[in-house]
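The following exercises ask you to work through a structure by stating a criterion, applying it, and then reading off the outcome. Please keep the sequence and the 3D view at hand while you follow each solution.

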Amino acid sequence: MRTRFTLSLLIAAALILAACAPTPPTTPSPEAPPSTEAPAITEAPSVATEAPQPSAEPSVLRIGWAGSPDTLNPGTGLLSESYTIYGLVYDTMYQYELDGTYSLRLAKSVDVSDDGLVWTFTLRDGLKFHDGTPLTAEDVVFSYQLYQVTEDFPYMPGYTTYFESIEAKSPSEVVITLSEAIPNMEASLIYLFVLPKHIWEKVENLAEFENLEMIGSGPFKLADYQQNEFVRLEAVKDHFYQPKVDQIVFQTFENQDALVQAIRTGQVDMITEMPNTVVETLRQAENVAVVTGVPLAPDIADIIINQADPATCPVDEGGVCSGNPALRELKFRQALAHATNKQKIIEVVLLGLGDPGLTLVANSLTQFYNDQLQDYTYDPALANQMLDEAGFPDSDGDGVRELPDGTPINLRLNYPSDSTTAPRTAELLKEMWAEIGVNLEIQPLDPDTLSSVCCPAFDYDILIWGWGSDPDPGFMLSVHLTDEIPTGLSETGYSNPEFDELYVQQSTERDPQKRREIIFKMQEILLRDVVYIVPFYAKAVQAYRTDTFTGWITDAPKLSLEDVSSLVRVEPIK
Amino acid sequence: MPVKPNSPEAVLKRYRYLAKKVGWALFTILFVIVLNFFLFRILPGDPARAGIRDPRLTRQAVEAIRVRFGLDKPVINCFESLNPVKFGACTVNPLDTQFFIYAANLLRGEMGISYHSNRPVSSLLVERLWNTLLLIGAGQILAILLGIALGVVAAWKARTPVDYAALIFSLFAWSLPTFWLGIVLLFWGSAVGLPVGGKATPGLSFLPASEQALDIARHMILPTLTYTIVFLGEYMLVMRSSLLDVLSEDYILTAKAKGLSTFQILKDHALKNAMLPMVTIIAINLGFTVAGALQIETVFSWPGLGGAIYEAVGRRDFPVLQGAFLMIAVSVIFANLFADLLYSYLDPRVQTD
């Protein structure tokens with residue numbers, strides 16, 4: 001069984017302004033099904049999708065995964081598995097592609113006013129829901145307004161914060177007027193699933209609505225669902241994404257050995273995850289291809305360093321600020337970075353299936369990730385020298401350095417007790433940092449207790465924890481802001497006016513190239529100041545059968561075989 | 001002077017015994033209902049945060065979740081929360097506290113809404129309960145039948161190679177770690193083409209019922225086999241030693257002296273008495289059966305009650321936990337009650353105690 005720290009790949013992106021220019025791609029990316037070829041299905045009546053073809057055996061693509069959607073209601077869903085299903089059954093205005101770009105999905109064109117405030121989307125022709133009702137601008141407006149006002153939906157209102165008005169100018173034209181010209185408009189539209197108004201307007205209790213019919217407009221429609229067992233989808237052949245298979249079944253395996261065994265024996269055609277320990281053996285299996293790559297939505301592991309200053313401690317919010325004073329010294333943190341052997345952590349903890357990390361802006365953010373930065377080399381001798389110079393001597397020769405006042409440097413290290421990677425990372429850190437005379441006292445904590453010592457209490461020294469990231473870097477950058485120290489979003493207590501200023505700049509910069517440069521600069525600052533030590537970016541590990549289906553997207557910058565872009569291209573091997 | 005079985009005194013005694021046992025059972029259930037509520041509130045962890053372990057949830061969103069599930073109300077008069085202990089006003093309307101809302105819901109037969117899936121707990125648990133009963137029911141019946149048979153054979157052939165072989169096998173089976181045996185069987189089973197997980201092949205709903213049943217049966221083979229092997233040993237060992245005890249009694253010797261065949265001795269004289277300890281362990285095991293075999297359900301992805309409990313603990317999904325624990329407690333209590341009553345039938349001496 002799997003416990004994950006970050007449950008969803010969601011958002012909050014709209015909470016924070018981030019900037020990418022309002023120039024959505026006019027041509028679809030290579031991963032997207034060519035929208036130009038999508039027939040405007042006016043002459044093809046929907047009977048083809050209603051009745052199963054009697055002639056041939058339907059092609060059923062079976063996917064094994066360890067999770068299961070928590071709910072079919074897109075408003076209340078939290079798990080990433082839920083979002084995978086929503087993305088197949090519902091359409092959104094934009095699709096987030098595997099190369100990190102956004103392509104238009106429901107709309108065939110978009111027009112943005114010069115001030116960036118008025119967005120006019122023209123919908124594709126012939127759109128309809130799975131029950132045959134046409135999808136019009138009214139449905140889009142209804143859905144967005146629903147998400148905006150329903151406070152029982154945990155994430156959705158956050159995407160629509162800057163929507164001042166949403167109107168249907170004609171049955172095919174949606175006009176969104178923003179209160180501020182946000183640079184990440186596309187990112188806020190990728191999870192706003194368009195719901196059929198004629199069904200949802202009758203729902204009384206939105207939070208408890210189970211949505212078991214799940215009528216959407218996407219390339220697949222729900223056929224059968226048993227929570228924690230399986231989700232069966234049927235292809236909608238006249239959808240503009242033109243799915244090739246007839247059915248997709250997602251089957252839940254609570255035991256990862258069973259998952260691996262299922263693909264070896266051909267009981268499933270693809271698995272979305274596996275323990276790193278089986279990768280080598282599975283590579284030897286017949287007719288199975290194992291693929292690894294940068295995940296679509298990463299779980300970033302990070303080592304959090306308490307830099308909260310007792311002088312500015314958010315006492316009113318429960319701040320304790322008991323971090324070791326050495327951690328507030330830049331030289332000390334840089335020495336810790338030099339003493340951290342990321343390569344070894346990757347080899348031991350991930351069995352090599354990861355890339356060394358730099359900052360919270362992970363490599364899966366593709367164009368926003370600054371890969372030119374020079375990381376701290378692993379060099380304990382240099383680290384020792386730096387600590388000597390910075391005034392942290394080991395005067396009594398017991399192997400543990402002391403603060404200037406003579407107190408030995410014993411740091412508390414906590415991590416969530418449900419983490420699978422943190423215990424070994426902690427052991428390795430203890431070993432590595434002992435070499436430079438920094439002693440760690442390891443204590444795993446219940447995740448909830450960890451929250452309470454973390455922030456805004458700042459009652460810890462070092463934590464190993466993690467983040468799930470949005471496609472837009474705005475949110476990940478915001479956790480380093482001075483303003484977020486009292487809110488509990490800042491985990492480190494880091495405060496840097498220069499960084500704060502750059503953050504404001506990038507959140508209003510609508511030129512994508514300029515915004516990127518600002519964001520690159522911000523990453524440079526974060527790495528220089530060692531706000532976090534990011535040991536690794538774990539790779540996604542997936543596998544598929546080579547003898548049943550073909551067309552999996554494995555060469556894109558990011559890997560997600562269960563993403564809609566991959567699943568509409570896959571077809572059975574004749 | 002012995003009381004005649006059907007005399008008024010004996011009937012009265014039997015009813016009084018019955019009433020006492022049922023009364024205790026009801027009292028225990030009531031106790032469990034109260035304990036169930038406070039037990040989970042004493043656990044550390046805020047359900048509104050633990051269920052959704054996403055730090056990016058805004059405060060407003062967390063607050064909305066708390067209001068939706070009534071977690072903003074005091075736990076009970078004088079206590080805002082139990083962990084950490086926070087005292088509150090004692091004058092609040094009791095009907096506006098979490099405890100009384102919980103109790104009132106139970107009286108109406110409602111167990112609340114799952115924090116995690118937003119589904120009513122009762123329908124969620126009943127669905128899981130049937131799956132568990134199907135799997136564990138089959139496993140228990142097989143284990144009991146085979147266990148008794150093996151135990152009888154071993155006791156009958158006591159201190160022969162047959163006995164030793166059965167004994168060693170049972171001890172070995174009993175001490176096997178369940179999950180380990182499950183994984184070994186999973187690897188073996190997948191090699192011979194058996195399904196490795198789930199209750200049924202998804203998407204066969206268009207097939208006739210008989211073929212669907214066959215499909216479920218195929219999925220049940222491995223988990224049932226695991227369950228049978230693990231539980232068989234216990235039944236065999238108890239049956240064997242109990243029967244050996246009985247076989248050393250004088251009346252068995254008398255029966256032998258009368259020239260009865262071994263089969264007749266076992267069937268008419270020994271088995272009924274030797275079954276008494278078996279009834280106890282079967283009844284208790286059946287009660288716990290409802291809790292599911294968590295490990296087996298996990299290894300074979302069987303959508304049963306054990307898995308539901310495991311998931312709910314991690315998510316602090318109190319309504320599901322309360323419902324599941326209540327279900328288990330009630331079934332254990334009733335299984336025990338049933339064993340008590342069966343005892344008084346099997347062994348009339350019991351009720352005179």
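## Exercise 1: A covered helix

Helix α2 (residues 80–89) of chain A is mostly covered, since 10 of its 10 residues are buried. The model is predicted: local features need pLDDT of at least 70, side-chain atom pairs count only at pLDDT 80 or more, and totals for chains, interfaces and linings use all residues. Residues are numbered from 1 along each chain as its sequence is written, chains are lettered from A and ligands numbered from 1 in the order in which they are written, and side-chain values use heavy atoms, with hydrogens and water left out.

Task: Determine which elements of chain A the buried residues of α2(A) pack against.

Solution. Begin with the terms: buried means under 20% relative accessible area, exposed over 50%, and partly exposed in between, with a 1.4 Å probe and protein chains only. Helices (H or I, at least four residues) and strands (E, at least two) are DSSP runs, numbered from the N terminus, and contact means heavy atoms within 4.5 Å. Next, list the buried residues of α2(A), which include Tyr83(A), Ile85(A), Tyr86(A) and Leu88(A). These buried residues pack against β1 (60–65), α4 (156–159), β8 (220–226), β9 (230–235), β10 (247–252) and α17 (564–567) of chain A. Finally, note that Tyr83(A) and Tyr86(A) also belong to a cluster linked by ring pairs, together with Tyr90(A), Tyr159(A), Tyr191(A) and Phe193(A).

## Exercise 2: An aromatic pair in chain B

Task: Classify the pair of Phe40(B) and Phe318(B), and state which helices the two residues lie in.

Solution. Rings of Phe, Tyr and Trp (its six-membered ring) pair if their centres lie within 6.5 Å, and planes under 30 degrees apart count as stacked, over 60 as edge-to-face and the rest as tilted. By this rule the count comes to 31 aromatic pairs over all chains. For Phe40(B) and Phe318(B) the centres are 6.3 Å apart and the planes make 25 degrees, so the pair is stacked. Phe40(B) lies in helix α1 (residues 8–42) of chain B and Phe318(B) in helix α13 (residues 318–346) of chain B, so the pair ties together parts that are 278 residues apart in sequence. As a last step, check the accessibility: Phe40(B) is buried at 5%, and Phe318(B) is buried at 4%.

## Exercise 3: Salt bridges

Task: Find the partner of Asp459(A), and describe where the two residues lie.

Solution. A salt bridge is a side-chain nitrogen of Lys or Arg within 4 Å of a carboxyl oxygen of Asp or Glu, and by this rule there are 24 salt bridges over all chains. Asp459(A) forms a salt bridge with Arg412(A), the closest N and O atoms being 3.5 Å apart. Asp459(A) lies in the loop between α13 (447–454) and β17 (462–468) of chain A and Arg412(A) in strand β15 (residues 410–416) of chain A, so the pair ties together parts that are 47 residues apart in sequence. Asp459(A) is partly exposed, with a relative accessible area of 28%, and Arg412(A) is partly exposed with a value of 28%. For a further case, Asp246(A) forms a salt bridge with Lys237(A) at 2.9 Å between the closest N and O atoms, and Lys237(A) counts as partly exposed at 31% relative accessibility. To finish, look across the chains, where Glu210(A), Arg119(B) and Glu127(B) are linked in a network of salt bridges.
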